[in-house]
Structure formats: structure tokens, C-alpha cells
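Trainee: I have a model open and want to learn how to read it. Where do I begin?

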Amino acid sequence: MKNKSWHLDRKTFLRGSGIALSLPYLNAMTIQGEAQSLKQLPKRVAFSFFPNGVSLPPENDPQYEEWHWFPKGQGRDFSFRTIQNSLNPFRNDLSVLSGLSNPENRNIPSHMGSSGFLSCRAISKNSSINAQSIDQVISQSHGRNTPLKSLVLSSVGGVGSLHRSYTLSYDSKGRAIPAMSNLRQIYEKMYLSNSPASLAKLKRKVHLLNAVYHDAKRLHLNLGIEDQKILDEYLTSISDLEKKLEHEKFWIKQTNTNKRPQLKLEINFNDVENYIQTMYEMIYLSFKADITRVATYQIASEGGESPVGNMSKAIGIKKDLHSLSHGASKGDRGYIEWGQWDQFIAKQFSIFLNKLRECKEGDGCLLDRCLILHGSATGKSHDPHNYPLILAGGKKLGHRSGQFITYPENEQALSNLFVKMANAVDIPLQNFADSNGRDLKGIFA
Amino acid sequence: MNTGLSKPCLPWHLALWIGFLINFSQAWGLSPTPDLDGFEKNIRPILSKYCFACHGPEKSKAKIRFDQVDPNIVSGNHQDIWDETREVFNNGEMPPEDEAQPNSHERELLSVWMDTEFKKAKLLRNPLVKSQLRRMTKYELKYALEDSFPLNADFAIEPLPDEISSSTTGLKNSAQHLHFSSTQLDLMMEAILTYLQKIRSIVQLKPIHIHFDIDDYESLRKEKLFKKFYFKGIKKVEQNLEIQPGGHLDLKIPKVSKVNFQILYEASSISKASITTSFGYRYAKNFKKEQLQTLGHHFLDTPQQIQIDYFPNEDEFKLDLQLDRPYFIRLSNHSNVPVQVHSFEFVGNISKHFKQSLLNQKNPRNDLLPRFLRSSFRRTPSLAELKHYQSIFDVIKASQGDILALLHTYEEILCSPKFLYFGLHQDKNTLLAEKLSSFLWCSLPDQALMDDAENKQLTNPKIMTQHINRMLKNPKSKRFVKHFSQQWLHPSKMFNIAVDQQYYRNFDHQLKDLMLQETFEAMNDVLRKGASALELLEARHVFVNQDLAQHYQLKGVKGDTFQKVILPEAHPRGGLLTQGTFLIGNSDGINSHAILRGVWLTETLLNDPPPSPPNNVPPLDESIPGFDQMTLNQKLEVHRNHDACKSCHQKIDPYGLAFENFDASGAWREKILVISKNEKKSKEKNRPVYQRTFLPVEADTILSNHHPLHGILDLKRYLVKYRKHDFSEGLVEKLLAYALSRDVSFHDEDLVRQLNRQFIQHQYSVPDLIHDIVKSDEFQSGEKR
């Protein structure tokens, strides 16, 4: 390790000083010149998703005033209603966006929308293949610099089906990336162990992959073309995994186990509030210690058969998540109940934002160099238009926060926002999925 | 195609090429080019006249637009739309009866054109059978490991994600959906390494001896190891502990693994007494319900040494699953005289037998290794392969001994694609063995099956028949029952529904486990035992134990074991429809849910999935007086009257309404309970007052074809009389897809029809259907290319 790049040097430093790192970072880098080192601060992206849309009582409904998800006012002059009042202290750190959605997903069953949320593609009926999601496009470049290429989380875990996905992320071939839901498992992925046992296991895996590769290669020769295609997928998996392990090996060396934070990990989604908080905490800790720069979190999954559908009941609301989204009508308490769930989600999100804002970094706070998109893939129930979206953070990445912007839906696509977000974190992306190049005015400098 | 394969003189891949060419020339000979001109000339005008109004630019019901449909059925993008169109057009469902109908000439034109186009499409190779190669699923890996080692594998496979279920069949073993990625590979390797690591640690266990010193009982009570959970009727009498009649003593023991342990104690009594030793755990410390397993009964008077050896076995999976629970040994006195315990000793972690079962008194290098290779790769290993693995074994053996060297070598074998992939073999018999075992056992072939495969006997129908019968008898085929039922019927949905505690105060959540078992028992009776599949629709019996029978208001059923109980005349239960599993699973936890129940019935049992609901479902209408007092179904009726919803819901909801006598806990009801908040708050505490009102049950309904139904019994009769063909065809289709581990499509419709005819002839016997599926060309040839 003689010719360490500046990057590696910084990484070593980051890992060495562990989790509690924030301000010291700048001091150590002063030799480089302040402007230079600020430029080198990591830029991160996160996506958090909730299902089934939000409470949107029409204007003539008595609940409109308090329980309509979109804020009062317009442009720079806006404020959150009761339903999201916990976000008011953050109004200058975020933008609320209206009128964006994924055009291809507007005509498919709405509960399928979560699988297309970040890929902006509609899934055909008999396929099990999606397209690469934007977070993975970003992590392809940003992942090289961190122990974890991305942190893919969901409350259910796994992949689900494309009709009811349990993950937001899809790899470069459009295959679902299994999301992690078990807190202990997430923790162990984040804080690689350098115990002799884990090192031995890593070494063993590398050895096995090598053996298996030769096995598969020999088999490959004797197969028909179609079979070869299937086995190619396996061969690619081997070389991809080899790279991953190589990457892991490098980072294990930088591990400092003494600096692992103490977290309560033995909780699951039945303990709704603590669980969601800990999941957000994982993203926060990963960003803070530069363990990853890309994260996705599916807070709950779509539809009536979701294993986490009772989250709302667990916090004292009478209906499950899916029934909330269907049970709202005029003059009924439906919008209030639904709004209470939305209020709960907003509160969790605000606690997450608060942590990021409290953490100083460089000339500002951690939040200033994180772009966080928070939202759903349906507006009202079963209506994949006008997604409720909040873009938070990223003040130092060009985000002109502090606005409520409404876009013309027939002209715009969510993918246009994704292109902007990618560009803001130095990914020179021209197009993504169905992006049409129409400028999303006002949101980025 | 396969004639080429069996000729020994032709190299197989050359034969394949010839097969390929023949296949193509056949196809070209009949020129499967789509008749697009015919579409423009004859078909589009008909569609435009009768269909565009609902499926065109104005409305696009069921998300189908015929003005934009791809007319190329042969190889176009809308085969699924055309497949559906042909079905609903031919059975008269579309256009709807209250709309203008095509005349006989137009009808003929459209139906002949679609049939011709589909015939052409079928000439092209079925795109779903390109390759038979597929990786194991999560559950197949579990069973493959458990069939090779005496250790439950749940803990090891737990981090693996469940497979994506096919959107057409709902099944999880469809080859085209089983992808591999670096994450998948990593997790599978991790599972295998974790599993073998656990085996290593068991092998290396040292036995622990714990002596319970009765003299020092008081101080031991405070100690962790022997801390009591609960005890009653225990007295210290001189040097002994005395268990009073009806009393018991619980002794906490360390975590048990799937390793045997031994209990040694001395006890006596003044006259004949009986003492029962059992072993059990609680789900959690403060949880009342215990899982208990009796280890032995003993009669005693004079002081007697009692020794009990416990060997966990396969059937005790329930106990076995709970490795990290607080366990205890219980001595209970069932007689009417006190029993004195003089001494007690526990020996845990005895891994001797575990080691023996791994080694089996065979030579590890020359017997065990070749045998393991053969069962893992599902064929006799080549000499080179054997040598390769033996050399790995030799290196490790020198430093670590036989067992560890074996485990190390097994690890390499299990990570190989030859283990992880099905369908790698060139030999038809071997392929058949593998397909059969994954079909009926969710695992690898056993010795007997492989022996016959290697002797080329499986192509002999007689031998094959024997194997199928043998395999269905083997308890391993319960896995088939479990996984096929789960993937077909989705019974686990029930666990996502929280049965409301305010409405159902007495509902015990453990009933759900019993309900699931009921579903599996009923499926077992049909899938393995050969009871008529129609008994899934209507049956005069149920499978219940005491607790579940009580919930179903059945008297006279005793005990925890499930039993087949014949129902009294006109009892509403019997068949899948009235199982708690599906009644709860298709409710919202508070009330019944006619839509969910109707959708479940039509989609799962009648194989006629309704189109997905339109986006932007209108909210329930306006403030109707008394809306709060309405039952869910009355509210749904308001919703159903909406024009956009009506056409589909009139086909779904009437079915669901026939279930109205069952509440959201799966129990029978005569009245519907509604709990609503009273406007006035109680004076003293300012707490909301809840009002309980009862509404009458309305289970009378009229189906969209005008057939009236009076409740659940009538629905079951109707299904058996008029819809059994749809039901059986659906079951045939699902089972075929499961057996072939791929999606089925219109390419397979002739086979499905033929199998269904045979199924009906065989009085809906699923074991017979399994034989017929295995005999089919599709299963036999597997279109290996």
C-alpha cells in the first residue's frame, strides 16, 4: 500500500476515527486547502418509500384544511398542514413536489408501482425482470469508494414479486436486489468484522469461488446454447462476487471494531416506531461514517396482503394500511385516520432529517450533502398520478430547497428529477429510463 | 428431437442440431406468418363495432384497448390479451349480455381467425421451454441439506430471500424467474457454510454433566442453571425432594441442539406411584402455553434408577425448530401418593450418535465421499471428479482427522453448480429422477431412484409407476403438500391479518397455526392419499383437533391430534371454502370481506382471475345517513353501484356474499356485530363509549348468470355441479406448471385439456394425475436441447 491515493488516505482516516467523525475531518484536511477538501466531501443519495399513496381530501371536504398531504401555499410561501406538521421546522431544508409520476406506470395496476418507482419502467405481465433503478445507477460510480456499494433496506425484506415488491432496488440487469430487514444482519454488513473467524470465512469463500468457477467453466462447454445462457448468469455472479469480496477484504483491513455504535438490534417491524427509527438510523450512521453513499428504504409494501400491513394498527389506528387508503370518504373519519398514519410517517422522517442536520460536516451539516427523496408511487389510493414527493437536503449540492413546486404532469416525468439528482452528485447522466429532457425548473441551481 | 439423442453413434450436440433443423423446417413448412391483412379487413371492424366502446380510446376496462392491440398473435406482444379475449369471447362472457352482440357471421369470422392464429403460434417453439436448467429454490436447498445431514437447516437458510413468484402461476419454482446474481450466490454459499459450521461445532461438542445436588436445593434454586420456571407441590423432606400428588418439578437445562441428551435420576414412593418425565419449552418467559413432549412414564415404589436417553427425530420438528428457547425437564407426579426424588443428573451435548450417523461405520474416503458426491450431483461422479475431491480430503485429513476433512470436502461439493442446478444432465433417466424428486420431495433423488436411473429403468413406465407410488407414501412428500399448497392457495396470507381483539375477544392467535395445519391435512388427503379433489370444494368431513373443533362448533372431538371428523347433516363446514385459513385470510380482521373472498374463489379455485381494479378507485360515496352503522358489505354495495366497478364486481361479489355467515375470525355467525363510537362520551371518565349493534346476515345472493345462491352450502353445491370443470382444469394447470417448474401458456392448452379429461375419468384423483403428468411428453422429454 505504498501509493495510496488521496481517496484511500481519507478513507483510512475516516474509518480509523470511526463513527464519531464529523468536524475533525475538516481539520485533518486543511493542508489540502479548504475549498479543495470541501469539494471532496462525500455526496450521498437516499430514497425512502411508503405505500398506497396519501390522504388527499378534495377541497370541499371538511378535512381538507388539516389532513390534505400537500402543503398550504405555493412556491417559497408554503407551510405544512397538521398532517405533516412535524416537517415545518425543516421547510427550508426541503422541497415538496407535486405533479410528478412515472408515465409508464400510470396505466398499470397501482400496487405494482413500487417496483417501477426507482426504475421508471412498467413491468410486463409475464416478466420477472425490471430495469436498473436510479439508486443503483448512482452506486455504480459512488460504490467504489465505500465498504458498501449501497444499502438496500425494507421492512419486509427480500424481493417479493414484481407485483408487490419488497425492495426498491434493481441491479444493472434489472434483477431485484434482496432488501435487508433484519437489523442485526444490516449492522453486520455495515460494520464488517475483522475477527479471525470472519477473515477465515472470507478467505474460504474466495477459495470456493475459484474452485466453483472452474467447475462451471468446464460444464459450460458441454451445454446447449440456451443452457449456456442460464449458466452464464451463474458465471457472471461468480466474478461479480469475487469483486465484491475483494472490495470487502480491503475494507475489513480498515475496520476498527472498537468504534461500533451500540444499537438495540433485537426489534422487528411489530415495534413499528422503534424499528423505522433504527432503519433510518442505519442510513444516517452509514452516511456519517461513509460506509455507503446510496441507500433505499421501503418503509412498507403495497397492497392488502402486505406482511407489514398492520403497522398502522400497531400504532393504534383502527385500520390496516391498505384499508386506510380505501376507507376515506367525505364526511367520514377516513381521511383523519389515513392522515394520522401519514402524520406518523412524516414524524419519523423528520427525526431522520434532524439527525442529519444536527451532524456538522465541513462548512455545514451532513444533510447539506445528502439528497433524500421521500414519497410514494401513488397519489390517492389506486391512482398512480401526482406522487407525493419530498426532496430533502442537498443545499450544498445545488438543491434550491424551501419550495413547494407544482409541475405540469402531462409534460413531466419523475425520471427527469432522477437525472437532476444524479447530476447533483457528480454522475454525468444525460438520460434515465423515459426521461424526456424537459427541464424541471426551479429545483436545482 | 429425442430420437437423435438415443442414437449412440451421433454425438449428442450434432443430433441436437439436426433436431433443430427438423423443427424449423416443420415450422416453416406451415409458414407461421401472422394474418395481418385478415385482421385489418375482417377483424378490426368487428372489434371496433362491439368492443372499442369499453376497450378503446374512451374507456379501457380491464386495461385492455383493442384499438391499440398488436394483431400479431403468432409472435407479437399481446398474446396474453388475445388468449384472454378468445376465452371470454368463446364462452359468451364478452361482449356483456346487455350490450350489442355480433351476428353469427361475425362471430364465426372472429373465432376462426383467432383459432387459426393461435394454431400458428403453437407451431413455434414454446419460448418457456428454452432451457430446463434452473437453480434450486430456497426451500429445495433446505431439504437437500436436511436429506444429507441429520440437522434442521432453517437457521442456515433464513437469510436467503424467498423466490419471486411467477405473475402467471403464483409458483416459486418457475425456471424463467429463478435468477442468479452475486447476492444470491453469496447468500447461498453463506447458508451452506453456516450449516456445515454448525455441524462442525456439534461434532466438536464436549458432553456436559450437571449434577443436581438436592441437599443444596435452596441455593440451587437461585442459580441460573436449575432455576425453576414454575413448580407446584414440591417439599423438601429430609434429604429428598418430595413431589406431591398432581405436582411437578421443572428443571431448566441449557440450550439443546439436535444432539441427544441423557437424564438420570433416582426416585421412590411409599406405595405404587407413577412419574412422568417430559421435555418442553415456552415460546417466551412470560408465555403461558407450553410445548411438551413426554419422554417416559415410570412406575415406582422402592428406590429406582431411571435413565432416559433422548434422541431428537425428524417428526419432532416443532421442538426442534426452537433451538434458542428456555428448555426444561419436567418430572410430574400423576399418582395419589407423594414421590421422593433422591438425585438427578443431566448429561447434555452427547454428540456421539450424531458423529456415528455422519460416519455410519464406513470408510470416509472410499465409501462416504463417493456416496455423497453421487447424491449431491445426482449421478455417479467421474473418476477425475472423485480423485479431485479425494485429494482435498487427504490434505485436510492429515491435520484434522476424518470428520472435519469430510465436512471440508462436502463444503466444496455443495457450492458447485452441479449441486445447485437442476437439469445439467445429458442422460434422460437421470433428468427424470431429478425432476421427479424435486416435484414430489422438493429435494434430491434418493439411492433407490438413482439406482434405477443409472440402470436406465425410469423410462420403463412400470418402474416409474412404482417409484411415484413409493415416493408419495414416503413422508418426504409432505413437503410437496406444504409447498404446492402454499404456492397455489397462499394460506399464509392469514398471518398478515390481525383478528381484532375488540370484536373477537376470545380469539386465540394459536388457532391460526391449527387452521394452517387443517389446510395442509385436507390437501394431504387429496394430494397424497388420493381423496377426490372435489372434496376441496365440498366435503362431509373436516380435519380438526379439539381446539379447532371448538371454534367450528363441533362437539365430541378430543385431544391435540388432528383427526378426520365426519360432519353432522347440513353442517356448513367441509372443503377449503370454510376453512378458517381462507375465511380469515380474506377478511380485514374486523368483518368479512365479500370482495376478497370472491376474488380468492374465482382466482384460485376457479382459475378465472378478475382483471386488476381500475386505477383511481372512487372513494365510498357521500355521507349516506347511517353509513357508520353499515356493514362492510353494505358499504361495498354502495361502491359496487358505481359504473366503473359494476361489470367486474357483479362477477366477484355474489360469490363472496355467500360466505356472509362466517365472520373475520372464521367462526359461524347468525348476526353481524358492529361496534361504533357513541357521540356522547361517558360522563365520569370522558372516555368514548362504544355501542354494539347487530345486523342480520344476508347470505342470499344472485350470481351474474342469474343463478340464485342461498348461503355457503348452496354455493358449494353449485360449484360442484356447475364449476367443477373450471376447478379441475385450474388445478391441473397449476400442478403441471409446478411439475415442469415453468409457467404454462396457450402452448400447453392441449395437454392441459387432455390431462383434465383423464383427471375426471379417474374421479379427480391427484395421485393418478401425477402419474399422467409424469407420463406426458412434456415431462418425459423436457424438450432438452
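Mentor: We will go through the interface, then one chain, then salt bridges and backbone angles. Keep in mind that this is a predicted model.

Trainee: How many residues does each chain bring to the contact between chain A and chain B?

Mentor: Chain A brings 64 residues and chain B brings 64 residues.

Trainee: How do I put a size on that interface?

Mentor: Interface size is often given as the accessible area lost when the parts come together. Here, about 5,500 Å² is buried between chain A and chain B. Carbon and sulfur atoms give 55% of that area.

Trainee: How many salt bridges run between chain A and chain B?

Mentor: Eight salt bridges link the two chains. One of them pairs B:Asp500 with A:Lys318, with the closest N and O atoms 3.3 Å apart. Polar contacts are tallied as well: 23 residue pairs between chain A and chain B, both residues at pLDDT 80 or more.

Trainee: Which helices of chain A supply at least two residues each to the side that touches chain B?

Mentor: Helix 7 (183-190), helix 8 (196-221), helix 9 (225-254) and helix 12 (321-326) of chain A do. Helix 9 of chain A gives the most, with twelve residues. Now look at composition. The side of chain A that touches chain B divides into 22 nonpolar, 21 polar and 21 charged residues.

Trainee: Let's turn to chain B. How many helices and strands does chain B have?

Mentor: Chain B has 30 helices and 17 strands. Of its 785 residues, 55% are buried. The outside is worth a look too. Chain B exposes about 35,500 Å², and carbon and sulfur atoms supply 52% of this area.

Trainee: How do I read the contacts inside chain B?

Mentor: Ask how far apart the partners are in sequence. Take the contacts in chain B between residues at least 6 apart: 70% of them join residues at least 24 apart. For a single pair, try B:Ala594 and B:Tyr655. They are 61 residues apart in sequence, yet their C-alpha atoms are 7.5 Å apart in space.

Trainee: Where does B:Ala594 sit, and is B:Ala594 buried or exposed?

Mentor: B:Ala594 is in helix 23 (residues 594-605) of chain B. Its relative accessible area is 1%, so B:Ala594 is buried.

Trainee: Back to salt bridges. How many are there over all chains?

Mentor: The whole structure holds 62 salt bridges. Start with A:Asp439 and A:Lys420, whose closest N and O atoms are 2.9 Å apart. A:Lys420 is in helix 14 (414-424) of chain A, and A:Asp439 is in the segment after helix 14, so the pair ties together parts 19 residues apart in sequence. Check accessibility next. A:Asp439 is partly exposed at 43%, and A:Lys420 is partly exposed at 24%.

Trainee: Which parts of chain B are linked by B:Glu569 and B:Arg540?

Mentor: Their side chains meet in a salt bridge, 3.5 Å from N to O. B:Glu569 is in the loop between strand 13 (563-566) and helix 22 (580-585) of chain B. B:Arg540 is in the loop between helix 20 (511-527) and strand 12 (541-544) of chain B. The two residues are 29 apart, and the pair links distant parts of the chain. B:Glu569 counts as exposed at 67% relative accessibility, while B:Arg540 is partly exposed at 48%.

Trainee: Is B:Arg723 buried or exposed?

Mentor: B:Arg723 is buried, because its relative accessible area of 16% is under the 20% cut-off. Its side chain meets that of B:Asp726 in a salt bridge of 2.7 Å, N to O. B:Asp726 is partly exposed at 31%.

Trainee: Which residues do salt bridges with shared partners join into one network?

Mentor: A:Asp215, A:Arg218, B:Arg379, B:Glu385 and B:Lys418.

Trainee: Last topic: backbone angles. What is phi of A:Asn386?

Mentor: Look for positive phi in residues other than glycine. Phi of A:Asn386 is near 45 degrees. A:Asn386 is in the loop between strand 9 (370-375) and strand 10 (389-393) of chain A, and is partly exposed at 23%. B:Tyr764 also has a positive phi, near 55 degrees. B:Tyr764 is in the loop between helix 28 (749-761) and helix 29 (766-775) of chain B. At 8% relative accessibility, B:Tyr764 counts as buried.

Key:
Residues numbered from 1 in each chain as written. Chains lettered and ligands numbered in written order. Heavy atoms only, no water. Contact = heavy atoms within 4.5 Å. Buried area = accessible area lost by both parts, 1.4 Å probe. Salt bridge = Lys/Arg side-chain N within 4 Å of Asp/Glu carboxyl O. Polar contact = N/O pair within 3.5 Å; in protein donor to acceptor, adjacent residues only side chain to side chain. Helix = DSSP H or I, 4+ residues; strand = E, 2+ residues; numbered from the N terminus. Nonpolar A, V, L, I, M, F, W, Y, C, P; charged D, E, K, R; others polar. Buried < 20%, exposed > 50% of the residue type's maximum accessible area, 1.4 Å probe, protein only. Areas by Shrake-Rupley, 256 points an atom, 1.4 Å probe, with all protein chains shown as cover.
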